[in-house]
Every structure is written in structure tokens, then in C-alpha cells.
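Good morning, and thank you for making time for this presentation. I would ask you to keep the sequence and the model in view while I speak.

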Amino acid sequence: MTGASSENTCPLLVPMLGRMWASTVGRLTPRVPHSQQFISFLKIHRYSCGPTVYDRAHLGHACSYVRFDIIRRIMTRFFGIEVIMVMGITDIDDKIIKRANEMNISPVALARIYEEDFKQDMAALKVLPPTVYMRVTDNIPQIISFIKTIIASGQAYATSQGNVYFDVKSWGKRYGVLTTIYPDTQDEVVGTDKRHGKDFALWKAAKPQELSWTSPWGKGRPGWHIECSTISSAVFGKQLDIHTGGIDLAFPHHENEIAQCEVYHQCEQWGNYFLHSGHLHVKGSQEKMSKSLKNFITIKDFLKKFSSDQFRMFCLRSRYSSGVEFSDDTMDDAKHLLQAISSFIRDANAYIKGQLVCDPVREDILWERLANTKVTVKAAFADDFDTSRAVAAIMDLIHHGNRQLKAVTKDAGSPRSSVVYGSIISYIEGFFNALGMSFGERQVALGGDNSAVLSNVIDELVRFRAKVRHYALALPEEADAVPMEGVVAAEGAKQEQKEKRQQLIQERKPLLEACDSLRGDLAAFGIHIKDRAAVSTWEIEEGGQVGQQTKKKS
């Protein structure tokens with residue numbers, strides 16, 4: 001397929017996105033020829049296959065939708081491209097009908113329940129909603145009209161049983177451009193009214209007591225593939241910029257969509273790019289997470305243990321097109337990255353406020369590192385949305401920032417480089433905020449609606465403990481004794497001061513013990529206090545000793 005942009009898009013010069021994975025040709029392909037320095041478009045038209053709403057969404061679904069949400073945010077926030085996105089909702093299907101019968105409710109009621117459940121899950125994962133959701137059942141007349149046009153073109157046929165099929169052989173070598181799967185001239189048809197084995201349903205005749213609609217071929221309902229073709233064409237016409245979905249949809253779903261749309265629109269190329277997300281695998285298995293394999297974790301159950309930011313970091317650590325293994329270990333890796341980022345931001349803010357006193361830093365090195373990071377991140381995103389390389393660049397910047405914060409000194413008058421650290425914090429927070437994550441007010445670690453309040457409460461508690469600890473440690477030095485005439489008098493004063501100091505140590509010992517006890521108690525809940533020369537800071541490690549002990553008992 002070529003890289004021509006939609007003629008419905010408006011012109012705007014933006015930096016060239018570089019390369020996106022075009023499944024249509026199985027290799028990295030430039031959006032426009034290499035000779036051009038810019039792409040001229042303001043809007044991207046994107047269609048996303050949505051859920052079949054018969055049950056709760058699981059983590060495999062979440063992985064795909066979060067990954068494509070990240071890509072959408074990259075386009076809008078880093079490249080200034082408006083994404084007009086349509087998501088189709090399959091609200092009539094064999095699985096929906098079967099589940100509704102089992103629950104003794106109507107298929108429409110079941111679909112509405114799980115459609116709303118899906119939207120709640122997406123909101124909990126911070127996935128931006130599409131520009132518009134479009135249900136299959138709201139577009140039945142359009143689907144019937146779409147099928148009639150394909151029949152009139154000679155690429156589909158109706159049977160005596162009331163079914164309508166796409167004639168794959170009639171489309172010849174044009175079928176299979178996405179996955180290079182071509183019609184087999186030797187395939188046989190057994191127990192069906194199809195002409196050929198690879199023909200697929202555009203319209204399914206209704207079975208007794210099934211939800212159905214009237215059509216020229218009798219009562220029935222749409223086939224699966226025709227839904228997305230009709231809905232995307234109704235909104236975007238004969239050219240689509242980007243189509244997204246899981247890799248398991250490449251064949252037959254997306255392959256069949258292409259055939260249907262190119263027949264309907266009589267065009268050489270309907271979709272410019274098909275972006276497919278890799279499977280989410282369960283640890284130790286090559287099988288994808290799916291309901292049919294009964295190895296799934298619902299999104300709601302997952303979010304009882306982990307946060308949406310932790311899952312988003314898990315997704316950022318690999319390319320959207322690659323398979324990824326889900327396990328406690330991989331989630332712990334994501335958590336540790338978030339904790340490292342949060343810890344750096346806290347330390348850098350403490351340095352800016354003068355609470356963390358360091359030797360003079362090499363500003364020139366940090367400014368250069370920050371500039372290089374920005375270039376690397378933009379280049380990574382322009383190279384097929386390589387989020388893993390972008391995150392690695394951010395972590396490298398944090399590493400170099402941390403190195404210069406480790407040179408702690410007691411010289412409170414040491415000059416501070418607040419601006420460079422403020423700029424680094426601003427860029428890092430902006431980077432993750434743009435991708436749908438939040439480090440402000442420690443929301444990553446704390447979570448919940450009251451995270452900012454709880455963060456401030458802990459701040460005040462740690463600050464009060466630091467004052468108590470500082471008072472308990474503020475003892476007079478032995479060398480501070482005033483010189484007196486005569487050795488005997490001097491020795492006597494020195495002994496008196498030593499006894500006074502020992503007395504103060506004993507009197508203030510309970511204060512230090514209380515400070516240590518509080519630190520230990522908070523650590524049990526995952527709140528770790530770090531005592532420094534001039535200030536104490538804190539960070540969250542989710543779970544803590546209490547959570548770990550509870551986990552072991554369960």
C-alpha cells in the first residue's frame with residue numbers, strides 16, 4: 001500500500017512522523033516518501049475495533065486499548081495532530097445472544113450492561129474516549145445498503161437460506177493484501193450454503209427466537225466483518241488513515257474489512273495503515289490471555305491490586321506491536337520504575353527548596369543531558385512510537401540528575417542550581433502527564449480521590465518528626481567549652497559539660513526512639529522515611545510489610 005494521506009484531511013506542516021509499522025506490507029514504511037521533510041495534514045482519521053459486549057473486559061483487552069491510547073496521546077501532545085477517532089461497539093453477536101439466553105435477559109439489555117462496564121474500565125485505566133462510539137444496532141439500515149452495493153458489484157451472493165456471503169474467489173489476488181493469505185482454489189464446502197470455504201458472512205439468516213431485522217434477503221442480522229466496514233465508511237468515506245486493533249484481528253477480520261471496503265468504494269486502497277498490538281501472554285505460556293482459554297484477569301480485579309499508572313508503565317516498556325508477558329515480576333519492574341521517578345522528583349524538589357544541600361552541580365552537563373533527552377524522545381516516538389526507547393532516555397536523564405544530588409554537604413551556603421532541576425522535573429512530569437500518567441502530589445503511589453490530601457498529611461507528619469529529631473540531636477559540642485584560668489578549673493568545667501551532655505542524651509533518648517519507632521511503623525505501611533543531614537524525605541513502596549504479610553497469610 002502507498003502512504004497517501006486522506007483527501008479529507010486539512011493541511012498543516014508538522015514534523016515528519018518518520019516510520020510507522022504498516023502491516024499491509026510487513027515492513028517499516030514511511031508515511032510519505034523519504035525525499036519529503038514534512039507531512040501536510042492537520043487531522044488523522046482513525047477507526048478502532050471496539051469490544052463485543054457480552055462479558056467484562058480483561059487485561060488482554062486493556063493492554064491493546066492502553067497501548068493505542070498512548071499512541072493517540074503521542075500524536076496529539078508531541079506532534080500536534082488532531083485524532084478523529086471512531087470506535088465500533090459490537091452489540092449483536094452469537095456470543096451476546098448465547099450469554100443473554102443463559103442469563104434470561106434480552107441481548108439488548110445484556111449489551112448495554114457490558115457496554116457501560118467497558119466504558120467504566122477504560123475510564124479507570126485513563127484511556128481517552130473516542131470522538132464517538134457507534135453501535136452496530138444503530139446502523140442496521142446502513143449495513144444493509146452496504147451489502148446491497150457489494151452484491152451489485154458481483155462480489156457477494158445471497159443464498160436460498162437467507163444468508164449473504166462475500167465471494168472471496170471473485171476478488172482474486174486482491175484478497176490477502178494485509179496478511180498475504182490468498183484464496184485456496186482447492187477448498188471444499190461441507191455442511192454450509194457457501195460456494196467456497198473462505199467465503200464469509202455479510203448477513204446471517206435469523207434462527208428461531210433470535211433478535212433480527214428485516215432485509216431484502218429475509219430476517220437476519222449482520223455478519224461480524226461488515227459492521228466495521230460500514231461504520232468507518234459512514235464517517236470517513238473511502239479513505240481511512242489508521243485502523244487499530246489486536247494482532248488476532250489482522251486475519252480474518254481486518255483482511256475482510258479491506259476487501260469489503262475496496263469493493264464498496266471501488267478504490268485501490270481504503271486503509272493507509274493497520275496498527276496491530278501484540279498479545280498479552282500469561283507468564284510461562286505462549287498462549288494469549290483470552291476468555292476462551294479461561295486464563296484471563298478482569299480489569300476490575302487487576303485494579304484491586306495495581307494502579308492504572310503501573311499498568312501504563314508496564315505497557316510503555318515494550319513496543320505496541322510486540323507480545324508482552326504479564327506476571328507479578330513484570331508488574332514489579334513497572335512499579336520500581338515509577339518509584340524511582342517519584343523518588344527523583346521528591347529529591348530534586350527538596351534540593352530546589354534548600355532542604356537537600358549538595359555540592360555545586362555541573363549545570364552545563366545537566367542542560368546538555370536534558371536537551372539530548374528531548375531529541376531522543378522525539379526521535380523514538382517518530383520511529384513507530386518506540387515508547388521503550390523514550391522511557392529509557394527519561395530514566396537515563398534521572399540517573400544523571402541523581403548522581404549530582406548524591407554529593408550531600410553540610411555547607412548550607414553552597415550555591416544551588418534550582419533552574420536546571422526545575423526544568424528537568426517539569427519535562428519529566430510533562431512527559432508522563434502527556435502519556436496519561438500523573439506524578440503530581442504523589443498520585444502514582446497513593447492513588448484514590450484523596451491522594452493530594454493524604455500526601456500533604458504525610459508531609460506534615462514527616463516535617464514534625466524531623467523537627468523533633470533535629471532538637472534531640474542538637475547537643476552542645478565538647479569543644480564549645482569556654483577556656484578558664486588554670487588546668488584544674490578547665491578540667492572541672494570540661495567534666496561538668498560532659499556530664500551535662502550525657503544527661504541531655506539520656507533525657508532526649510526517648511524522643512529519638514519515638515522518631516525511630518514512627519519510621520518503623522510507617523515503613524510497615526509502605527511509607528519509607530529517609531533521614532538526611534538537614535531534612536527528612538519520604539517515599540511510597542506499595543504494599544509494605546503489612547501488605548506483604550497479609551499476602552503471605554492469604
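I shall begin with the chain as a whole, then turn to its cavities, its cysteines and several individual residues.

Please bear in mind throughout that this is a predicted model. The protein chain has 554 residues, and 49% of them count as buried. Its secondary structure consists of 17 helices and 17 strands. If we take the contacts between residues at least 6 apart in sequence, 75% of them join residues at least 24 apart. As for the surface, the chain exposes about 26,400 Å², with carbon and sulfur atoms supplying 52% of that area.

Let me move to the interior. How many cavities of 30 Å³ or more are there? The count comes to five. The largest cavity has a volume of about 100 Å³, and 14 residues line it. Those nearest its centre are Tyr-65, Met-85, Met-87, Val-127 and Leu-128.

Which elements build this lining? At least two residues each come from helix H1, spanning 59-79, from strand S6, spanning 82-90, and from helix H3, spanning 107-124. H1 provides the largest share, with four residues. In character, the lining of the largest cavity divides into 11 nonpolar residues and three charged ones, with no polar residue.

I turn now to the cysteines. The structure holds zero disulfides. One pair nevertheless deserves a comment: Cys-49 is in no disulfide, and the nearest cysteine sulfur to its own belongs to Cys-228, 4.0 Å away. Why is there no bond between them? A disulfide calls for sulfur atoms within 2.5 Å, and the sulfur of Cys-228, at 4.0 Å from that of Cys-49, is therefore too far for a bond. Are these two cysteines buried or exposed? Cys-49 has a relative accessibility of 9% and so counts as buried. Cys-228 likewise counts as buried, at 5%.

My next topic is residues that are brought together from separate parts of the sequence. Ser-318 sits in the loop between helix H9, residues 308-316, and strand S15, residues 324-326. Its relative accessibility is 13%, so Ser-318 counts as buried. Which residues does Ser-318 touch, once its neighbours within four places in sequence are left aside? The contacts are with Arg-67, Val-324, Thr-387 and Ser-388. Of these partners, Ser-388 is 70 residues away from Ser-318 along the chain, yet the two C-alpha atoms are separated by 5.1 Å.

A second example is Thr-149, which lies in helix H4, residues 140-152. Thr-149 and His-265 are 116 residues apart along the chain, and their C-alpha atoms are separated by 9.3 Å. With a relative accessibility of 27%, Thr-149 counts as partly exposed.

I shall finish with the backbone, where three places call for attention. The first topic is a peptide bond. Phe-251 and Pro-252 are joined by a cis peptide bond, with omega at about 5°. Where does Pro-252 lie? Its place is in helix H7, which covers residues 250-265.

The remaining two places concern phi. Gln-209 is not a glycine, but its phi is positive, near 70°. Gln-209 belongs to the loop between strand S10, residues 200-205, and strand S11, residues 220-222. Phe-385 also has a positive phi, of about 55°, although it is not a glycine. This phenylalanine is found in the loop between helix H11, residues 363-382, and helix H12, residues 387-405.

Is each of these two residues buried or exposed? Gln-209 has a relative accessible area of 83% and is therefore exposed. Phe-385, by contrast, has a relative accessibility of 2%, so it counts as buried.

To close, I would return to two points in this predicted model. The largest cavity takes the largest share of its lining from H1. Cys-49 and Cys-228 have their sulfurs 4.0 Å apart, without a disulfide. Thank you for your attention.

How values were computed: Residues are numbered from 1 along each chain as its sequence is written. This is a predicted model: local features need pLDDT of at least 70, side-chain atom pairs count only at pLDDT 80 or more; totals for chains, interfaces and linings use all residues. Side-chain values use heavy atoms; hydrogens and water are left out. On a 1 Å grid over the protein atoms alone, a cavity is a set of points where a 1.4 Å probe fits but cannot get out, and a pocket is an open set with protein on both sides within 12 Å along at least five of seven lines; lining residues have an atom within 4 Å of a point. Grid points are joined across faces, edges and corners, and a volume is the space filled by probe spheres set on the points. Ala, Val, Leu, Ile, Met, Phe, Trp, Tyr, Cys and Pro count as nonpolar, Asp, Glu, Lys and Arg as charged, and the others, Gly among them, as polar. Buried means under 20% relative accessible area, exposed over 50%, partly exposed in between (1.4 Å probe, protein chains only). Contact means heavy atoms within 4.5 Å. Accessible areas come from the Shrake-Rupley method with a 1.4 Å probe; for residues, only the protein chains shown count as cover.
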